[in-house]
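Trainee: I am new to this structure and would like to go through it slowly with you.
Mentor: Then let us look at it together, and ask your questions as we go.

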Amino acid sequence: MTLLDIARATGVSKSSVSRFLDERGTQSNHPTAIRVRRAATELGYVRDVSAANLRRGSTGMIGVIVPRLTDTVMAMLYEALSLAANRRQRFTIVATTNDEPEANRRAVDMLLARGVDGLVLATARVDDGFAQTLTKQGVRFSLALRTDDIHPSSVGDDRLGGFLATRHLIDLGHRTVGLIAGPGDASNAIGRVEGYRQAMGEAGLEVRPEWVVPSSFGLEGGHEAARQLMMLQERPTAIFAVNDNTAIGALSALTQMGLSVPSDVSVVGYNDIPIVSHLPTPLTTVRIPFDQIATRALELVTDGVGDQGDVVFRAAPTLIPRRSTAPPAHR
């Protein structure tokens with residue numbers, strides 16, 4: 001069944017039939033358009049997407065690369081990207097890389113070979129040079145959640161978020177604040193660490209080297225980092241973890257060590273993933289607007305930066321206080 005068959009059946013020109021059945025635009029409610037769509041359904045017409053894409057030189061597909069979808073943050077980002085793409089009559093396809101640079105390159109090659117119109121990458125590492133390579137190849141792409149501050153990126157304002165989290169603890173009366181710092185090659189972790197240091201410095205508080213513990217972004221990293229902090233001779237009365245997974249890992253470690261949150265130790269996370277509000281002790285955290293970040297990341301791929309646009313879009317975070325933070329027991 002072809003467009004010409006529907007044109008003959010309805011007495012409408014082939015070009016009009018094509019226009020009425022084009023799913024990319026807003027569907028017309030004109031009686032003729034409705035009659036054409038009804039005829040297409042009754043006659044069993046199936047649009048040849050591959051042929052249409054070949055004519056347009058576009059597949060309508062956007063490739064998304066994330067470290068892993070078992071990470072709730074990455075799953076939330078991908079869902080937001082998929083919704084944003086659907087609003088533009090586009091389709092997303094995802095690849096995971098376990099945050100390994102070589103796997104990242106293979107994923108890019110695979111997606112480009114399948115004809116995606118552009119890429120959104122949530123795997124950028126500081127100074128890995130991969131974004132420069134894509135630019136030289138003429139690939140349309142944007143970075144999401146992480147940035148190199150050079151190429152088109154859509155992220156949360158991580159420095160501000162780290163500042164808000166730490167300032168919250170300081171305002172409660174904490175003077176010794178430990179930091180589960182995340183990986184040192186991820187810009188979002190680096191920004192949150194900078195915000196922590198800024199808040200501590202503005203309050204005139206010392207940041208001891210042993211209070212800043214690098215970690216992965218996972219539960220195990222948070223668990224081990226919290227144990228390390230709590231085994232110090234002068235242990236902090238509060239912990240800021242640079243993402244919610246590490247904060248949850250920290251809560252587990254504190255419980256195993258017989259410490260109570262927030263009576264003994266206050267804990268703040270980052271991202272506000274859905275589970276943290278339902279924990280036995282709901283987690284104070286910093287919320288980032290995934291919908292804004294995803295929408296802008298997609299726009300940077302499809303529309304480019306534009307004459308007036310910023311290369312790096314930073315969405316404002318919001319502190320969400322819950323029961324995991326309280327004034328220290330002994331000031």
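**Salt bridges and cores**

Mentor: Before we begin, keep in mind that this is a predicted model. The count of salt bridges in it comes to 13.

Trainee: Which residue forms a salt bridge with D117, and how many residues apart in sequence are the parts that the pair ties together?

Mentor: The partner of D117 is R90, and the closest N and O atoms of the two are 3.1 Å apart. D117 lies in the loop between helix 6 (101–113) and strand 3 (118–121), while R90 lies in the loop between helix 5 and strand 2 (91–96), so the parts tied together by R90 and D117 are 27 residues apart in sequence.

Trainee: Is D117 buried, partly exposed or exposed?

Mentor: Buried would require a relative accessible area under 20%, and exposed one over 50%. Because D117 has 22% relative accessibility, its class is partly exposed.

Trainee: Which residue forms a salt bridge with D99, and are the two buried or exposed?

Mentor: In this salt bridge the closest N and O atoms are 3.1 Å apart, and the partner of D99 is R146. The two come from distant parts of the chain, 47 residues apart, with D99 in the loop between strand 2 and helix 6 and R146 in the loop between strand 4 (141–144) and strand 5 (153–156). As for their surroundings, both D99 and R146 are buried.

Trainee: How many residues apart are D149 and R314?

Mentor: Their side chains meet in a salt bridge at 2.6 Å, N to O. D149 sits in the loop between strand 4 and strand 5, whereas R314 belongs to strand 11 (residues 312–315), and the distance between them along the chain is 165 residues.

Trainee: Which residues are joined into one network by salt bridges that share partners?

Mentor: Here the salt bridges have partners in common, and the residues that they join into one network are E206, R208 and E234.

Trainee: Turning to the nonpolar residues, which helix gives the most to the largest nonpolar core?

Mentor: That core has 68 residues, and among those with the most contacts inside it are L77, V120 and L179. The helix that gives the most to this core spans residues 72–87 and provides 8 residues, and this is helix 5.

Trainee: What is L179 in contact with, leaving aside its neighbours within four places in sequence?

Mentor: With those neighbours left aside, the contacts of L179 include V193, Y196 and W211, and they also include V212, V213, L229, F240 and V242.

Terms used:
Residues numbered from 1 in each chain as written. Predicted model: local features only at pLDDT ≥ 70, side-chain atom pairs only at ≥ 80, totals over all residues. Heavy atoms only, no water. Core = buried A, V, L, I, M, F, W, Y, C linked by side-chain atoms within 4.5 Å. Buried < 20%, exposed > 50% of the residue type's maximum accessible area, 1.4 Å probe, protein only. Helix = DSSP H or I, 4+ residues; strand = E, 2+ residues; numbered from the N terminus. Contact = heavy atoms within 4.5 Å. Salt bridge = Lys/Arg side-chain N within 4 Å of Asp/Glu carboxyl O.
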